[in-house]
Amino acid sequence: MATIIEKAQLKAQVRRVKSLPTLPGVVNKVVMMVETDDIPISEIGEMISSDQVLASKILKIVNSPFYGFPGRIATINHALVLLGFNVVKGIMLSAGTIDFQSAILSGLWPHSLGVATAAHRIALTIGMEDPEEVSTAGLLHDLGKVVLGTEMRDLCKDVMDVCRQEQISFYEAERKCLDNQTHCDIAGWLAEMWNLPPRLRDPIVFHHHPTLARSAPQATAVIHLADILIRSLQFGSGGDPFIPTLRPEAMETLGLKMGDLVPLLEVINDDLEDLDTSDFT
Amino acid sequence: MQRIPVNMLREGMVVARPVANDNGIILVNSGAELTSRMIERLQNIGIRKILVRGSPVDMSYVEGKTLAEKISDMEYGLKFSPDNDTMRKFRVLLKAHIIKRDNELTGKAPDPPLDSESHQGGLDTEIDA
């Protein structure tokens with residue numbers, strides 16, 4: 001099957017996602033804000049809390065084990081103080097607005113939760129600062145696929161057909177159908193439009209090619225490894241059954257040896273069992 | 001040794017590895033025999049599964065893939081992997097992990113020796129110094 005859409009058209013479609021009627025008004029307001037603006041955290045918190053549906057979705061996620069404060073965050077303000085603006089914004093833009101579970105690529109939600117979990121564990125293991133930002137990068141890493149699967153369903157179905165028929169990876173099928181663009185490019189455009197900081201944007205765009213990440217190579221290496229481990233553990237689905245190739249450069253960036261993956265797989269497997277399985281219904 | 005969901009625990013089962021809470025505090029030591037009060041406590045705290053000695057639960061009726069299927073899925077998943085040093089090592093350690101966890105599910109995993117510190121099972125082959 002040849003290209004079914006050209007890059008410029010694809011990008012135009014993605015731009016329209018930014019102003020979907022389904023996106024709560026609050027989201028657009030928060031996206032406009034940058035942390036350096038002199039808006040007090042409490043005001044941001046109040047604004048997000050004014051949309052109760054959105055706020056409760058965010059609160060559910062910030063209380064996940066992969067944020068390190070399970071069951072202890074009761075308000076958006078508390079989340080903002082404990083986890084920071086970038087994390088709350090990242091959650092709001094992903095799980096808070098776009099319905100992961102309605103994507104025709106089923107299995108993306110557990111997969112994303114899994115990668116968030118694994119990313120958190122890897123970040124803790126190597127002693128990274130702000131492991132919660134890495135968890136968020138994990139949650140968001142396949143945002144491009146979610147958007148494809150929710151807002152561009154016909155395109156997504158075509159990609160899935162090619163993937164199945166030719167038994168190639170979802171990534172390769174995307175490149176074939178979408179004029180060499182992939183979910184990484186799609187998410188990259190969104191990340192730009194939404195002003196996501198480098199520590200969130202780089203892993204989203206470069207988790208398949210971690211050596212290309214310039215601004216946040218460590219966070220990107222974490223997500224690259226986390227994605228591989230979660231696929232290896234067959235938790236959820238990233239759209240195909242294949243395990244991506246592990247780049248030794250990523251292991252070097254993280255200061256990990258292959259032998260370190262043995263205990264890491266064990267503890268991540270245990271962490272996955274602590275995830276609330278009701279999140280998958 | 002078998003990994004059992006907390007709602008399938010029964011009095012008399014013997015803990016194979018210490019159970020700790022989120023803060024790392026040990027709730028039940030290895031070698032302890034479970035009472036119904038202990039089981040209730042574990043459920044209340046939100047522990048999902050623990051490792052017990054022997055293989056008291058018949059997991060064969062539980063839906064899920066067989067070990068052979070899991071290995072086959074792994075092999076298929078690695079179909080496009082290059083045959084380089086990194087991926088050869090990865091394949092070995094992933095396979096060992098899958099086998100180990102499946103053995104713990106079915107109860108085929110060996111019990112740790114009594115009266116000694118529980119240890120994580122390692123691989124027979126050296127992966128890395």
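Student: How many residues of helix H8 in chain A are buried?

Tutor: Quick ground rules: this is a predicted model, where local features need pLDDT of at least 70, side-chain atom pairs count only at pLDDT 80 or more, and totals for chains, interfaces and linings use all residues. Residues are numbered from 1 along each chain as written, chains are lettered from A and ligands numbered from 1 in the order written, and side-chain values use heavy atoms, leaving out hydrogens and water. Helices (DSSP runs of H or I, at least four residues) and strands (E, at least two) are numbered from the N terminus, and buried means under 20% relative accessible area, exposed over 50%, partly exposed in between (1.4 Å probe, protein chains only). H8(A), residues 131–140, is mostly covered, with A:Glu132 and A:Glu133 among its buried residues, and the count is ten of ten.

Student: OK, on to chain B: what pattern does it follow along the sequence?

Tutor: Chain B has three helices and four strands. Of its 129 residues, 35% are buried. Take contacts (heavy atoms within 4.5 Å) in chain B between residues at least 6 apart in sequence, and 67% of them join residues at least 24 apart. Read along the sequence, the pattern is β-β-β-α-β-α-α.

Student: Which three residues of chain A supply the most of the area that chain A buries against chain B?

Tutor: The contact takes 29 residues from chain A and 28 from chain B. The buried area (accessible area lost on putting the two parts together, 1.4 Å probe, summed over both) is about 2400 Å², with carbon and sulfur atoms giving 58%. On the chain A side, 25% comes from three residues, more than from any other three: A:Met258, A:Glu266 and A:Glu273.

Student: Which residue of chain A does B:Lys49 form a salt bridge with?

Tutor: Salt bridges (a side-chain nitrogen of Lys or Arg within 4 Å of a carboxyl oxygen of Asp or Glu) number six between chain A and chain B. In the B:Lys49 one, the closest N and O atoms are 3.5 Å apart. The partner in chain A is A:Glu273.

Student: Which element gives the most to the side of chain A that touches chain B?

Tutor: Two elements give two or more residues to that side: H14 (217–232) and H16 (261–273) of chain A. The residues on that side divide into 16 nonpolar, seven polar and six charged. With seven residues, the top contributor is H16(A).

Student: Which rings does A:Phe242 link up with in a cluster?

Tutor: Rings of Phe, Tyr and Trp (its six-membered ring) pair if their centres lie within 6.5 Å, with planes under 30 degrees apart stacked, over 60 edge-to-face and the rest tilted; the total over all chains is three pairs. A:Phe242, in the loop between H14 and H15 (248–254) of chain A, pairs across chains with B:Tyr76 in H2 (67–77) of chain B, tilted at 5.3 Å centre to centre and 35°. A:Phe242 also pairs with a ring in the loop between H2 and H3 (85–106) of chain B. So the cluster partners are B:Tyr76 and B:Phe80.

Student: Why does the pair of A:Phe242 and B:Phe80 count as tilted?

Tutor: The burial differs between the two: A:Phe242 is buried at 6% relative accessible area, while B:Phe80 is partly exposed at 46%. As for geometry, the centres are 4.7 Å apart. The pair is tilted because its planes are at 55°.

Terms used: Ala, Val, Leu, Ile, Met, Phe, Trp, Tyr, Cys and Pro count as nonpolar, Asp, Glu, Lys and Arg as charged, and the others, Gly among them, as polar.
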